[in-house]
Amino acid sequence: MSRLFIIIVIALFFITGYDLQAQEAEYNYKQQFTIDDGLPSNECHDIVQDSKGYIWIATDRGLVRYDGYSFRNYGVVDGLADISCLNLFLDNNDNIWINTISKNIYRYEQSKDKIIPYEYNDVVQAHGKQSSIIQNIIIDKDFNTYINFIGNNAVKIAPNGDTELIYSDNPYQGYILQHIDNYLLRSSDNFNSDNNLKPLSDSYVRLNKGDLIERQNISYQRRLIPIPINKNWTRAGRSCAFKLNTETVLLSSHGYNSLIIGDSICDVKSGQIINDITALPNGGFYTAQMNKIGVKYFDSIEGFKNDEYQNIHKDFSVSSIYISDDGTIWVSTLEDGMFILRNQFIKTIPLGQKKLQKISDVEISADGELYFISNDRTLSSYNLASGKINTRMSSESEITDLVHIGNQDAFALGGINSSIYKENEELKWLYRTDRNKHINISSNSNRITYEFHDELLLFSPNGLVSYFLPSAKEQYNTELSAFNRSIRIITACKYQQDHYLLGSAKGLYLLKDNQYYQLDTLFPVFSQRVNTIRKKNDSYVIGTQGAGVLIWDGQDQLQQYTSGNGLISDNIEEISINNDNGQIYVSTYSGLSMMTPTDTGYKIRSYTTAHGLPSNEVFDTEYYGDTLYIATGKGLASVNMYELSQAPRTLPLIEKIITRDSSYVNITNIGQLDYSDNTLDIQYKTIDFDLSGDINYRYNINDSKWTETQKTSLQLVELSPRAYQIELQSQNKNDEWSDSTLVQFSISPPWYQWWSTRAMVLLILFALAYFIYRNRIKRIESKASIEKEMRDLEKSALAAQMNPHFIFNCLNSIQHYIMKNDKESAMDYLGTFASLIRGSLRSSAESSISIAAEIKMLDNYLALEQLRLDHSFEYAIKTDKTLDTFQTFIPPMLIQPFVENAVIHGMKDKKDGGKITIAFSKNSDHLHVSVQDNGSRQVSKNPEHKSYGTSITQKRLAIINDLSESDIKVAPEYTEVGTAIRLKIKIQEPELPPKRPLRN
């Protein structure tokens, strides 16, 4: 192809620009919902939003609630006997009032999640006999209900059922009009006037607030009257009044539309019936129109007067338009379900015939002219101020790159015929595929990059050329050898003086002194395909195919960001850098990611068609002022960066909490649950219509670690008794977490863990311990008392043993020996008697005595008795050879009473030949003692006679057995030749005296 032919072809492609059409609506992103999406019917009549954010739709097949996830349908089983719903209204309690085709009214109560019939439907039916339908229902702040019937009258019904007829008219239609400020206007006549503005006639009365109060007509007594209404009241069907701004009111009645502007009135050109109208923040309007006209957009009051509009929805009969709290516009139709018009912060730029074309590259000149490549062959411009579009040039071959050369206000074009373009100047060819001229690089896909004030890089799979600007003089030229051409250069960036970084299909290379060095030895990830390299201050931002974004300091520091960090894709097509704020814009075929620098790295947000992009195929971005321009596969988009950063952080709503025993609706603090009612299902949702249910949530329990999920319910199983606080948060489209919704409750412990139960158990234990203590004290006191008694008994025993008769006899015997002048016998008797008395007194103070001591006292006693009875009996005391009489102990004076009985009773009738034998023997830890005499049986002839000594001894033995581990048993044996008393006594350990400390 000759140079002349190319110039002629290029010249023919310079085309004069054409203007844009009228400004398009800001709400231009549409989403439709039909039966296929969950609506019970495609015939929708009205839309409202409650304070929680739910969207409610009146359909001819029931009431519908939409939460951003799905549609919930309310019908007959929910209490709505008539499912043909026409209009919806909100009261101050956020209840939904439903007007049905049967002229019955129903109320959905939010707190109970229940539909109930209106208490005074019979009154409504009585007043609506002459009308086919209820046109409107208004509920004021005092819960008075205003009902307007098409054709005749309106009635006010108080909460107690009292009624008041508000208006009755002739056969012409009457209706309640939409509110102006805090009033409704009710009328039944049309406003006919010339198209020009005219002063209002004297029949109109205006108050200081500017409310239209009354109009008198000569032919009919028509009037407009004020009715106080609820501020949330929305629309009024076919005959309605709308306040468009502070000075303008639209009155619409069956195709006759009039504007009241200040104190003047005029008709508008449009003759269509307006069902509803929504004023937008930009001064524009949407109108809902019947007869398949659809939705019209008017950009101003003037445009509305002149009927200049855009048709947003055609071929639909629109019943209502509603703008929700987040700025979304909801459109209900009578044939095709419901539409959403979103006020997208990402807006498609109207490019006329190029609107849906592929925009592969975009650059902006210093004077605000946006240049772009469409369908890869045409260079066009779009004036950001005027909106004018011009086609600058076209080419027969592909244009691969568009680079703005800032200091020359020119553009470099990549492709087969790479060139520099500047308006009103001849093209400067950087490189041509002219076979008559020697060239180092030949390719059909040359690309260009420019990131320096004086150097432009042109590269192809075969090599790289550096041009010096502004002369476009070649200053560096390299061509890959045949061996290295498999590298296939994709992108390039200057690294140092005469050193370049090359991105290729085989990874990242360094071009130095015409030598190529692969850099995967520095970092293995450098072996991934590199699609783009951009310089950011002293670092290099590298877009890879499959490894995301790499940020390299050119030395030994590397950061990697992938889809795991929030990138929309790991396959990067292009990167742009905003040097003012350091943001990095990452273009992929899955959408756009924006990387914002933070103290710890980069925060990443991603955007797709769900956010308003015309296509997820993003090829390039360009920043100008506060706006980012985005080249996509379906046109050019723009976004205000401030608006891009704004997104509501909506708290999750607690819809229902279900336990084993109960269900709670719209409650976040359910109080205390029984310990057996400890399994909960917490159902929640965040209403964010932009995300259409694709919402991330996180929760923690009692300040524990956050857990992320996309589920809209949380199951808590077998909770232990304690207080609980659950924090729920949701993430908006900018990946920001909302504040916390708190769910609070407590699980009561079982009765055995109650504090009262514990206190009672402690009280019982204390009482039991006190009882045991008191019982112990009583036993100790009882033991002390018994021991005292025992000591007294021992004294008594001693006294009984040493009875006065015995002592008297002993003294008589002593006297007898003295009188006989038998001094020696008297002295012996007296010595023995004294020894017995001393032994008895000493032993009475001890708890136990040795057998040797006991034997000595017995020997003294028997010796005295033997002398007293003139030796009428003999006695013997025997001990077992194995028995240590000095180390074996028994209670004192235990044997003596039985020996005394043997003397007194056994030897009583003996003149001589009497014999008493006492024997001691040991068997294990018991002592066996026998007292045997050969006298007559020791049975008293007097049955009432009781031996005092024996009685005391028996009682003493019982006490000894009770207080100690002793087990003393007495077994008497009576024979014809005498009596034997046998005792079995547990041997006691001797009581050792306390040790005394050693003295030095």
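This is a short tutorial dialogue on reading features of a predicted model.

User: Before we start, what should I know about the model and its numbering?

Analyst: Residues are numbered from 1 along each chain as its sequence is written, and side-chain values use heavy atoms, with hydrogens and water left out. Because this is a predicted model, local features need pLDDT of at least 70 and side-chain atom pairs count only at pLDDT 80 or more, while totals for chains, interfaces and linings use all residues.

User: How many helices and strands are there in the protein?

Analyst: Helices (H or I, at least four residues) and strands (E, at least two) are DSSP runs, numbered from the N terminus. Here the protein has 10 helices and 75 strands.

User: And what share of the residues is buried?

Analyst: Buried means under 20% relative accessible area, exposed over 50%, and partly exposed in between (1.4 Å probe, protein chains only). Of the 1000 residues in the protein, 52% are buried. Helix 9 (residues 896-906) is a good local case: nine of its 11 residues are buried, among them F898, V899 and V903.

User: How do I read a sheet, and which strands stand at the edges?

Analyst: Start from pairing: two strands pair if DSSP finds at least two bridges between them. One open sheet here has four strands in the order 3-4-5-6, with antiparallel pairing. Strand 3 (44-49) and strand 6 (71-74) each have a single partner strand, so one side of each is left without a neighbour in the sheet. The twist averages 20° from one strand to the next; for such angles, axes are lines fitted to C-alpha atoms, for helices over the stretch in contact, and angles run from 0 to 180 degrees between N-to-C directions. Within the sheet, strand 4 (residues 55-59) and strand 5 (residues 62-66) run antiparallel and are joined by five bridges. W56 stands opposite R65 in strand 5.

User: What is the strand order in the open sheet that holds strand 53?

Analyst: That open sheet of four strands has the order 53-54-55-56, again with antiparallel pairing. Its edge strands, strand 53 (574-577) and strand 56 (601-607), each pair on one side only. Seven bridges join strand 55 (residues 591-598) to strand 56, and T598 has G601 as its bridge partner in strand 56.

User: R65 caught my eye. With which residue does its side chain meet in a salt bridge?

Analyst: The general idea first: side chains of opposite charge can pair when their charged atoms come close. The cut-off used is a side-chain nitrogen of Lys or Arg within 4 Å of a carboxyl oxygen of Asp or Glu. The structure holds 14 salt bridges, and in one of them R65 meets E655 at 3.6 Å, N to O. R65 lies in strand 5 and E655 in strand 60 (residues 653-659), so the pair ties together parts that are 590 residues apart in sequence. Both R65 and E655 are buried.

User: Where does R605 lie, and where is its partner E736?

Analyst: R605 and E736 form a salt bridge whose closest N and O atoms are 3.0 Å apart. R605 sits in strand 56 and E736 in the loop between strand 67 and strand 68, so this pair links parts that are 131 residues apart in sequence. R605 is buried at 11% relative accessible area, and E736 is buried too, at 17%. Salt bridges that share partners also join R65, D67, E655 and K685 into one network.

User: That loop also holds S738, I think. Which residues is S738 in contact with?

Analyst: S738 does lie in the loop between strand 67 (722-730) and strand 68 (741-747). Contact means heavy atoms within 4.5 Å. Leaving aside neighbours within four places in sequence, the contacts of S738 include R649, L651, P652 and Q729. S738 is buried, at 3% relative accessibility.

User: Last one: what is the phi of D870?

Analyst: Most residues other than glycine have a negative phi, and most peptide bonds are trans. D870 has a positive phi of about 55° although it is not a glycine. D870 lies in the loop between helix 8 (851-868) and strand 70 (873-879), and is exposed, with a relative accessible area of 61%. E718 also has a positive phi, of about 50°, but E718 is partly exposed at 48%.
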